[in-house]
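Biologist: Could you pick one part of this model and take me through it closely, then show me what surrounds it? Keep it relaxed, but be specific.

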Amino acid sequence: MNNNLNKIYSKMIRIRMIEQKIASLYGEQEMRCPVHLSIGQEAVATGVCSQLKTNDIVLSAHRAHAHYLAKGGDLKKMLSELYGKENGCVMGKGGSMHLADLVAGFYPAVPIVGSTIPIGVGVALANKMKKNSNITCIFLGDGSTEEGVFHESLDFASLKNLNILFVCENNFYSVYSPMNVRQFEKRSALNLAKSHGLQGSHGDGSSVMEVIKKTKDGIKYIKKNKKPFFLELQTYRFIEHCGPNNDDNLKYRNKNEIDKWLKKDPIKLAENYLSKKNKKFFLDKEKIINKINIEIEKSFNQAKNARFPSSKNLKLHLYG
Amino acid sequence: MDRNIDCAKAINEATEQCMKKYKNVFIFGLGVPDPKGIFGTTTGLQKKFGNQRVFDMPLAENGMTGVAVGAALNGFRPIITHQRIEFALLSMEQIINQAAKWNYMTAGKQNVPLVIRMIVGKGWGQGPQHSQNLESLFAHIPGLKVVMPFSPKDSKGLLISSIEDNNPVIFIEHRWLHSIKQQVPKSYYKIKIGTGRVACQGKDISLISYSYGIFECLKASKILKEKFNISAEVIDLRTIRPLDKNIILKSVKKTKRILAVDNSWKSFGVSAEIISIITDNLKTKDIKKIARIGNVEVPCPSTRALAKDFYCNYITIVNKVLNMMDSKKKYIKKNNLYDDVPDKSFKGPF
């Protein structure tokens, strides 16, 4: 377990460091696409994906970096995509909001809230028709539970008994709009899922241990019952909705709330846990960080130096 | 072997033959397996292929279109049906943002082989929300193909091509064409998407249209020939995206007079596109007269008393042609035609 958790910790801190590097270089204006960074939400992506196999398919939305990386998406291709380069994961045609790595089982992400939910259901329906028992994991945000398509999809997933793990990352805000202007007080995404016939659970998305446990239980349920499962995890984004900056000066989030979540920084929580188990943890951490720094340096350099797609690519790929 | 069958049967047969040939084709839509079977176009399919491949759906057009997109990405060729095109408007997000973009935004890594059948209604007082011709909404979008056949033979061949196509195809049927009959081959055959056909040869003027418009154009061309000795060529575009530029230009070079007959409102529509293609590609001296005709720019009212003046029909076409041929004659001065019941060959329901 410790060894395994070390690996999971490495993945989390790798995502954090990559996102921080994107934030620090964003001002150069070479990554010219909107970026919705995952800083603060790494435990959900990493914990959930640690329980999935390569052939299990993951779908995500606008804030997809952590999901892509946690599922094993190629870092170089991701960064090249952000830089708009020919060797990007979708040749510069999608940017940050359309990351895809089919080899890793990460389907193309899209930024229209809720849109990948039914698409994921369709992927799972196809699996069922092929008698393939792989899991389809659909990451969605609290905002998407307000979309009609969320309800349409859950109903159909339930009706057809599909092997789907729905993971609702509740970070309490849709851009700047808090819950209380969007949802009535006692509304619960999990209860809504239950009324669509799904089983589910909820937990603290800051604790990667908790995420892993809840995911394991969910997958066990799906495999045993051949039915979808809904997992709601509370989490928090540490910086602005879209872009590289901290925007706490705008005061749309209460200071107490921010402090509460910063104290529960998923990286710190994992470090506390691991350092109690392993006295040499901080030595190990240094090694991990050094290794990741080298990888990040190399990956950004190759992305910066890669070629832009030539003009002939504009008209390519319209039809398949 | 050819048999005399109607469009509904031709569409049913195309679906059945594709489902036999390809195990990854499946079809769903509200009422697909019900006793009426989408006006007969899906009757008997569930019995032949089972409820895994032929099924009804929840009233969740956008969600179910997303489901079809997802299944298409994962190895299948789904067909969705909408008994009226208006219901597909609930799924515009999935069609325009997702299905139409997917191949491009993934740089060709994933494509979406998907057919969405939509049926246009007309008459019997169906009114503002059951009789719209919304083809140009879809044809505007790069990444989609829009197929609009007139004849049973074309309906079968084009539906097979649409199902075999690796892209999202919007297959628009006109309800009044379902009962039109023609000799149709029993065999599995394809008609290439993006190719028009000459529905009727002529030398004085080109009437360019598609889908139900061809019915009115053919009727008009017969009257023009018999009563006014005007030889009108009728071009059936069959698909509007991609549009068969060559067949349009070839006909125009011959007749030098063009009337683009829209099934819908003229503004921003297919007839506008046809005229742009002509003016972009031909010199002014090659064009003697160019015009378009379409429906009145209001929603279609329910009452037959008003609907009769809403639609462009063979009478308006004939009179427009006479005007374009500088004839002083008028075919029928006043339109007394009640446009709310189709040709006698049509058998309801609407």
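Modeller: Let's start in chain B, in the loop between β5 (114-120) and α7, where B:Trp124 sits. Bear in mind that this is a predicted model. B:Trp124 isn't a glycine, yet its phi is positive, about 50°. Most residues other than glycine have a negative phi, hence the close look. Is B:Trp124 buried or partly exposed? It has 18 C-beta neighbours inside 10 Å, so it counts as partly exposed; a buried residue would need 20 or more.

B:Lys256 makes a handy companion: it is not a glycine either, and its phi is positive, near 60°. You'll find B:Lys256 in the loop between α10 and β13 (257-265) of chain B. It counts as partly exposed because it has 18 C-beta neighbours inside 10 Å. At the other end of α10 (245-255), the loop that follows β12 (239-241) holds B:Pro242. The peptide bond joining B:Arg241 to B:Pro242 is cis, with omega about 0°. Most peptide bonds, by contrast, are trans.

Now zoom out to the domains. Chain B splits into domain 1 (2-185) and domain 2 (197-324), and their C-alpha centres are 26 Å apart. Across the boundary, 22 residues of domain 1 are in contact with 22 of domain 2. The α7 we began with, spanning 135-139, turns up here: it gives two or more residues to the side of domain 1 that touches domain 2, as do β6 (145-147), α8 (152-164) and β7 (168-174) of chain B. That side of domain 1 comprises 12 nonpolar, seven polar and three charged residues.

The largest nonpolar core has 183 residues, and the members touching the most others are A:Leu165, A:Phe166, A:Val167, B:Leu207 and B:Ile317. Both domains of chain B give residues to this core, so it lies between them.

Since chain A features in that core too, follow A:Val167. Beyond its neighbours within four places in sequence, it contacts A:Val44, A:Val48, A:Cys137, A:Ile138, A:Phe139, A:Leu231 and A:Leu233. Strand β3 (residues 164-170) of chain A pairs in parallel with β7 (residues 229-234) of chain A over six bridges, and A:Cys168 stands opposite A:Glu232 in β7(A). Helix α8 (residues 208-225) of chain A packs on the sheet, touching β3, β6 and β7, and runs at about 175° to β6(A). The whole open sheet has five parallel strands in the order β1-β2-β3-β7-β6 (chain A). β1 (57-59) and β6 (199-204) are at its edges with a single partner each, so one side of each lacks a neighbour in the sheet.

Notes. Residues are numbered from 1 along each chain as its sequence is written. Chains are lettered from A and ligands numbered from 1 in the order in which they are written. This is a predicted model: local features need pLDDT of at least 70, side-chain atom pairs count only at pLDDT 80 or more; totals for chains, interfaces and linings use all residues. A nonpolar core is a set of buried Ala, Val, Leu, Ile, Met, Phe, Trp, Tyr and Cys residues joined through C-beta atoms within 7 Å. A residue is buried if 20 or more other C-beta atoms lie within 10 Å of its own, exposed if 12 or fewer, and partly exposed in between; C-beta atoms are placed from the backbone. Domain bounds come from an automatic or database domain assignment. Two residues are in contact if their C-beta atoms, placed from the backbone, lie within 7 Å. Helices (H or I, at least four residues) and strands (E, at least two) are DSSP runs, numbered from the N terminus. Ala, Val, Leu, Ile, Met, Phe, Trp, Tyr, Cys and Pro count as nonpolar, Asp, Glu, Lys and Arg as charged, and the others, Gly among them, as polar. Two strands pair if DSSP finds at least two bridges between them. Axes are lines fitted to C-alpha atoms, for helices over the stretch in contact, and angles run from 0 to 180 degrees between N-to-C directions.
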